[in-house]
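Subject: The structure, and some notes on it

Hi there,

Here is the structure I promised to pass on. Please open it alongside this email, and my notes follow below.

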Amino acid sequence: MSTVLYTGIGELVTSSGGVKRGRAMNDTGVISDGAFAVSDGIFTAVGRKDELLTAADYDSVADLGGALVTPGIVDPHTHAVFGGERSEEFLRRLSGDGYMEIMRQGGGIASTVRATRTADEDALVAGALPHLKRMLSMGVTTCEVKSGYGLDTDTELRQLRAVKRLGELQSVETVPTFMGAHAVPEGMTADGYIDYCRESSIPAAARSGMAVFADVFCEAGVFDLEQSERYLLAARREGLLLKLHADEMTCLGGAGLGARLGAVSVDHLLKISAGDMAAIAHSDTVATVLPLTAFCLSEPYAPARELIDSGAIVAAGSDFNPGSCCSYSVPLLIALCCIYMKMSVDETLTAITVNAAAACGVSDRVGSIEPGKQADFAVFDCERRHMLPYFSGVNLVKSVFKKGERVYNV
């Protein structure tokens, strides 16, 4: 078992010390002229170069040429497995049609459901594979992927199988979420469909062993608070962890419901109330903001600054999906967090590393550079972390390592 010492690091962002809330998100554990050792895919030592060089013998030393190094980026919210595309709806939104209006007219999620139901597992995998490879090129080493475009048990399980296969076929680790309650299927009522999920698709997803989480679109005109709670309680009884799409279009109270039920994360939060913000701040539920979606929909951004100042655990993700946000650009995500959501560079890095890992339930092994963690890290073509939003929307990643192996290189 060989040990490699990595040196020649301008700034080493470790994100060490566990999940962070509030102003503590500014503590990214940066080490100037840092170094770290990797053995058998695990970080074994982290510190200053001069200290590590004198502390032990290594089988080899790799000089990274003064680069910025961060933990591998974690994307805690994607819908990367789907059939078809919805570019025509994008043009309609540019012409002034609203997202929910398009959905009420049979477009939106229902359109993707029709395409996904006709796609076999191989087609779903083939469609998602290029996206995950591009995500890797931007430093992403772990991402959550939801089902939710079947709205029937068979198709939802097909999506989950595709997510599992994708994790085996390429280098980005996938965390599967069952999102049976993404929309109300044509010909059913919301109450009737929640009953169907509780009786059929939730137990089937749990029995499959493929899903870690269950998620619900808690939104006016989709699933209300009572329906969402019934769905989530059924999922929890089956052993699934909980997530919510909450308070995206209206201030419905989904974030407060998530805090009360002990959800791992509540996501979107554009319209979160002050009371629910306080509830999240006093809980261990992660508030996941998705600024790329607000950007694509030309909506106000989630109140990330207020969430952080209130003491919440804040993560940030892409929400890549075929409708409201056909983007997974990490450079743009960083720029939006810093420029429009008033997050500091360090808060943003915390939000896309260790806190994002917490939103995926994997912060015990990824999301930071510290001994005992999986050796996932990204190497950038710059020396300092402040260059990331400065080069707004520009991908500066030059190499990516997963479990100590270089899996991407420019």
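Let me start with helix H9, residues 254-261: seven of its eight residues are buried, so the helix is largely enclosed by the rest of the structure. Before you go further, please keep in mind that this is a predicted model. The buried residues of H9 are Gly254, Ala255, Gly256, Leu257, Gly258, Ala259 and Leu261. What covers them? The cover includes three strands, E9 (213-218), E10 (241-246) and E11 (265-268), together with helices H8 (225-237) and H10 (274-281). Just after H9 comes Gly262, with a positive phi of about 75°.

While you are in that region, have a look at Leu269, in the loop between E11 and H10. Most residues other than glycine have a negative phi. Leu269, though not a glycine, has a positive phi of about 70°. Its relative accessibility is 0%, so Leu269 counts as buried. Ser298 is another non-glycine residue with a positive phi, here near 55°. You will find Ser298 in the loop between helix H11 (291-297) and helix H12 (304-310). Is Ser298 buried or exposed? At 66% relative accessibility, Ser298 counts as exposed.

Now for the chain as a whole. Its secondary structure comes to 16 helices and 16 strands. The radius of gyration is 21 Å, close to the 22 Å that the globule rule gives for 410 residues, so the chain is as compact as a globular protein of that length. Along the principal axes, the C-alpha atoms fill a box of roughly 70 × 45 × 45 Å. Buried residues make up 62% of the 410 residues. Of the contacts between residues at least 6 apart in sequence, 73% join residues at least 24 apart. The chain exposes about 14800 Å², and carbon and sulfur atoms supply 51% of that area. As for charge, there are 36 positive and 51 negative side chains, and the centres of the two sets lie 1 Å apart.

The aromatic side chains deserve a tour of their own. The structure holds 15 aromatic pairs. One of them is Tyr6 with Phe36, a stacked pair with 5.1 Å centre to centre and 25° between the planes. Tyr6 lies in strand E1 (residues 3-12) and Phe36 in strand E3 (residues 34-39), so this pair ties together parts that are 30 residues apart in sequence. Both Tyr6 and Phe36 are buried. Another stacked pair is Tyr193 with Tyr196, at 5.8 Å centre to centre and 20° between the planes. Tyr193 and Tyr196 both sit in helix H7 (residues 190-208), three residues apart, which is about one turn of the helix. Tyr193 is buried, with a relative accessible area of 1%, whereas Tyr196 is partly exposed at 25%. Which residues join Tyr6 and Phe36 in one aromatic cluster? They are Phe43, Phe377 and Phe401.

One last residue to find is Tyr149, in the loop between strand E7 (140-146) and helix H6 (153-169). At 1% relative accessibility, Tyr149 counts as buried. From Tyr149 to Thr250 is 101 residues in sequence and 22 Å in space, C-alpha to C-alpha.

Happy browsing, and best wishes!

Key. Residues are numbered from 1 along each chain as its sequence is written. This is a predicted model: local features need pLDDT of at least 70, side-chain atom pairs count only at pLDDT 80 or more; totals for chains, interfaces and linings use all residues. Side-chain values use heavy atoms; hydrogens and water are left out. Helices (H or I, at least four residues) and strands (E, at least two) are DSSP runs, numbered from the N terminus. The radius of gyration is taken over C-alpha atoms; the globule rule is 2.2 Å times the number of residues to the power 0.38. Buried means under 20% relative accessible area, exposed over 50%, partly exposed in between (1.4 Å probe, protein chains only). Contact means heavy atoms within 4.5 Å. Accessible areas come from the Shrake-Rupley method with a 1.4 Å probe; for residues, only the protein chains shown count as cover. Lys and Arg count as positive and Asp and Glu as negative; His and the chain ends are not counted. The place of a charge is taken as NZ of Lys, CZ of Arg, CG of Asp or CD of Glu. Rings of Phe, Tyr and Trp (its six-membered ring) pair if their centres lie within 6.5 Å; planes under 30 degrees apart count as stacked, over 60 as edge-to-face and the rest as tilted.
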